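Colleague: I have a model open and would like to go through it with you. Can you take me round?

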Amino acid sequence: MGQITLKKVSKSFGDVEVIPPLDLTIEDGEFAVFVGPSGCGKSTLLRLIAGLEDTSGGTISIDGNDATEIPPAKRGLAMVFQSYALYPHMSVRKNIAFPMRMAKIDQAEQDRRIEAAAKALNLTDYLDRKPGQLSGGQRQRVAIGRAIVREPSAFLFDEPLSNLDAALRVGMRLEIMEMHKRLDTTMIYVTHDQVEAMTMADKIVVLRAGYIEQVGSPLELYHTPRNVFVAGFIGSPQMNLIEGPEAQKHNAHTIGVRPEHIDVTEGSGMWKGTVGVAEHLGSDTFFHVHNTGLRDMITVRAPGEVSFRHGDEIYLTPKADVIHRFDEKGLRIA
Amino acid sequence: MARAVTNNRKALNTAIAWTIGLVIFFPILWTILTSFKTEAQAISDPPVFLFFDWTLENYSVVQERSNYMRFLWNSVIIAGGSTILGIIIAVPAAWSMAFVPSRRTKDILLWMLSTKMLPAVGVLYPIYLIFIKLGILDSRIGLTIILMLINLPIIVWMLYTYFREIPGEILEAARMDGASLREEIMYVLTPMAIPGIASTMLLNFILAWNEAFWTLNLTAAKAAPLTAFIASYSSPEGLFYAKLSAASTMAIAPVLILGWFSQKQLVRGLTFGAVK
């Protein structure tokens with residue numbers, strides 16, 4: 001069980017309010033991702049849930065019990081840190097055993113859980129090594145192993161993959177998702193990477209400057225961003241946000257068109273522009289189109305075989321039914 | 001990356017380093033040499049350096065006249081005891097300053113260090129009276145406590161510096177893993193800080209071993225350590241350089257040997273944190 005509820009939770013450091021009072025519920029078994037630009041308060045929020053920071057106001061309950069004043073160790077949560085935070089003087093086995101040793105679980109049970117975790121995480125051959133003798137990916141696995149053996153009611157991940165190289169990151173991402181499916185335990189995952197958020201989450205919480213901008217499933221956020229910030233943050237490449245006369249044509253202050261929702265043609269279309277940089281990914285090609293008079297640059301996603309060159313004049317036509325409209329406050333117009 | 005240094009430059013640096021080392025070591029070397037001379041050769045002018053009649057006579061006289069082992073034992077107990085006591089008090093103190101600092105932490109650290117700027121003789125009288133009142137004058141326990149107290153600021157300061165190097169996330173991980181404060185300090189912080197703690201202990205042991213002001217003033221016969229043993233050879237009957245040197249050599253030998261074997265640890269400890 002691991003339902004986590006935040007009611008009017010706030011945090012200030014001195015006079016600086018980093019998290020204004022907010023409400024949030026994470027359901028049992030859910031994979032929730034806190035995402036936002038750096039300094040948005042997502043890590044602080046996670047640390048409040050963990051109990052590593054004291055709240056300045058509000059209550060945090062875990063499975064319906066008020067946990068606001070409970071010390072981190074007693075909350076039944078496990079955390080995986082960005083820096084892995086392994087104990088450098090202990091072997092992998094001792095690292096993984098540490099929380100069980102603190103909980104005074106008997107040795108046979110400890111060994112059983114260590115074996116099981118090591119097997120699931122491909123660490124069996126490394127149990128007697130020190131963290132310093134492991135690669136980054138292996139260290140991260142040890143950190144996850146240390147979290148699993150506690151059988152926590154929820155896992156907290158604080159940017160766990162940002163110290164890994166790109167290839168490893170994709171692999172570990174899948175492993176964590178599989179682990180979630182297998183354990184069916186609540187997970188809260190903090191990242192600044194919206195691709196991680198989109199691919200992993202059941203529920204994404206988009207944060208900016210301590211405020212929750214939107215909560216929803218990845219596709220909800222993609223299809224109906226509540227405001228300009230979410231629209232620009234979710235989706236890669238970024239949505240093209242256009243202001244001015246073109247937006248007024250749609251009775252909006254700002255309109256947003258995703259790069260994948262624009263058709264590119266040679267002959268005729270709604271907007272005319274010049275091709276700048278073309279990024280060929282093979283499957284797709286991203287064109288950066290200039291001189292449209294709409295904004296500095298419009299990004300367009302075209303199929304991989306479309307090949308315009310730098311300086312070519314092209315025509316762009318947005319798909320009418322997927323133009324997002326926002327008012328002057330940046331809020332979505334339904 | 002290492003800077004490119006020419007061979008000539010390297011030789012020059014080596015020569016300079018050796019010269020400085022020898023100048024610093026010379027008094028100790030001279031003391032050791034003098035301890036093997038006769039009293040006449042010890043004060044001869046011009047001084048003789050190596051070509052004298054080597055003799056062990058001074059050592060046997062010193063050994064006959066006073067009980068070296070008793071002084072040595074007092075020194076070991078006082079220096080060792082004050083070091084261990086100091087560490088037990090300083091580890092939690094340094095932990096709190098390093099990991100849960102308050103607005104006044106820096107002030108407290110400075111204030112603690114400022115006690116070292118006070119001339120010790122300024123508080124000799126009150127402390128002497130307190131020692132009489134408590135009945136711990138000329139006792140090992142009294143000296144252990146006073147030496148622990150005068151070195152405590154240095155121990156706390158050094159440990160604080162080492163602890164600051166330990167990433168806070170590791171301690172937070174221990175907290176998440178269910179460690180109590182005591183377990184966090186015992187199983188995670190202390191083992192990680194072992195190099196720092198070892199060199200702090202070593203330095204503190206040497207400081208306590210060599211401390212003369214309090215050991216001379218607060219002891220008579222019972223608890224007198226090796227510093228008092230040396231001092232007893234600059235007596236009113238006149239100076240006996242050779243015997244004084246023999247006594248000094250015997251007094252510094254244990255700590256010199258200890259320092260020699262642990263110099264790697266000591267250097268690492270003293271430069272810890274200077275380079276990552």
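Modeller: We can take chain A, its helix packing and then the contact with chain B.

Modeller: This is a predicted model, in which local features need pLDDT of at least 70 and side-chain atom pairs count only at pLDDT 80 or more, while totals for chains, interfaces and linings use all residues. Residues are numbered from 1 along each chain as its sequence is written, and chains are lettered from A and ligands numbered from 1 in the order in which they are written.

Colleague: How many helices and strands does chain A have?

Modeller: Chain A has nine helices and 18 strands. These are DSSP runs numbered from the N terminus, helices being H or I with at least four residues and strands E with at least two. The C-alpha trace of chain A spans about 75 × 45 × 35 Å along its principal axes.

Colleague: And what domains does chain A have?

Modeller: Domain 1 covers 4-230 and domain 2 covers 237-326; such bounds come from an automatic or database domain assignment. Taken over C-alpha atoms, the centres of the two domains of chain A are 38 Å apart.

Colleague: Where is A:Pro237 found?

Modeller: A:Pro237 sits in the loop between α8 (228-233) and β11 (240-243) of chain A. The peptide bond leading into A:Pro237 from A:Ser236 is cis, with omega near -5 degrees.

Colleague: Now α2 and α3 of chain A. At what angle do their axes cross?

Modeller: Roughly 130 degrees, with the axes of α2 (residues 92-102) and α3 (residues 107-120) of chain A coming within 10 Å. That makes α2(A) oblique to α3(A). Axes are lines fitted to C-alpha atoms, for helices over the stretch in contact, and angles run from 0 to 180 degrees between N-to-C directions. Under 35 degrees counts as roughly parallel, over 145 as roughly antiparallel, 65 to 115 as roughly perpendicular and the rest as oblique.

Colleague: Which residues meet there?

Modeller: A:Arg93, A:Ile96, A:Ala97 and A:Met100 of α2(A) meet A:Gln110, A:Arg113, A:Ile114 and A:Ala117 of α3(A). Contact means C-beta atoms, placed from the backbone, within 7 Å. By class there are five nonpolar, one polar and two charged residues. Ala, Val, Leu, Ile, Met, Phe, Trp, Tyr, Cys and Pro count as nonpolar, Asp, Glu, Lys and Arg as charged, and the others, Gly among them, as polar.

Colleague: What about A:Lys104, in the loop between those two helices: buried or exposed?

Modeller: Exposed, because A:Lys104 has 8 C-beta neighbours inside 10 Å. The cut-offs are 20 or more other C-beta atoms within 10 Å for buried, 12 or fewer for exposed, and partly exposed in between, with C-beta atoms placed from the backbone. A:Lys104 is not a glycine, yet has a positive phi of about 55 degrees.

Colleague: And A:Ala85, buried or exposed?

Modeller: A:Ala85 is buried, with 25 such neighbours. A:Ala85 has a positive phi too, about 50 degrees, and lies in the loop between β6 (77-80) and α2 of chain A.

Colleague: On to the contact between the chains. How many residues does each give?

Modeller: Chain B gives 14 residues and chain A 17. On the chain B side, α8 (168-176) and α9 (181-192) each supply at least two residues, and α8(B) gives the most, with six. That side has eight nonpolar, one polar and five charged residues.

Colleague: What does α9(B) cross within chain B?

Modeller: Helix α4 (residues 68-99) of chain B, at roughly 80 degrees, with axes coming within 12 Å. The two are therefore roughly perpendicular. B:Val91, B:Pro92 and B:Trp95 of α4(B) contact B:Ile185, B:Leu189 and B:Thr190 of α9(B).

How values were computed. Two residues are in contact if their C-beta atoms, placed from the backbone, lie within 7 Å.
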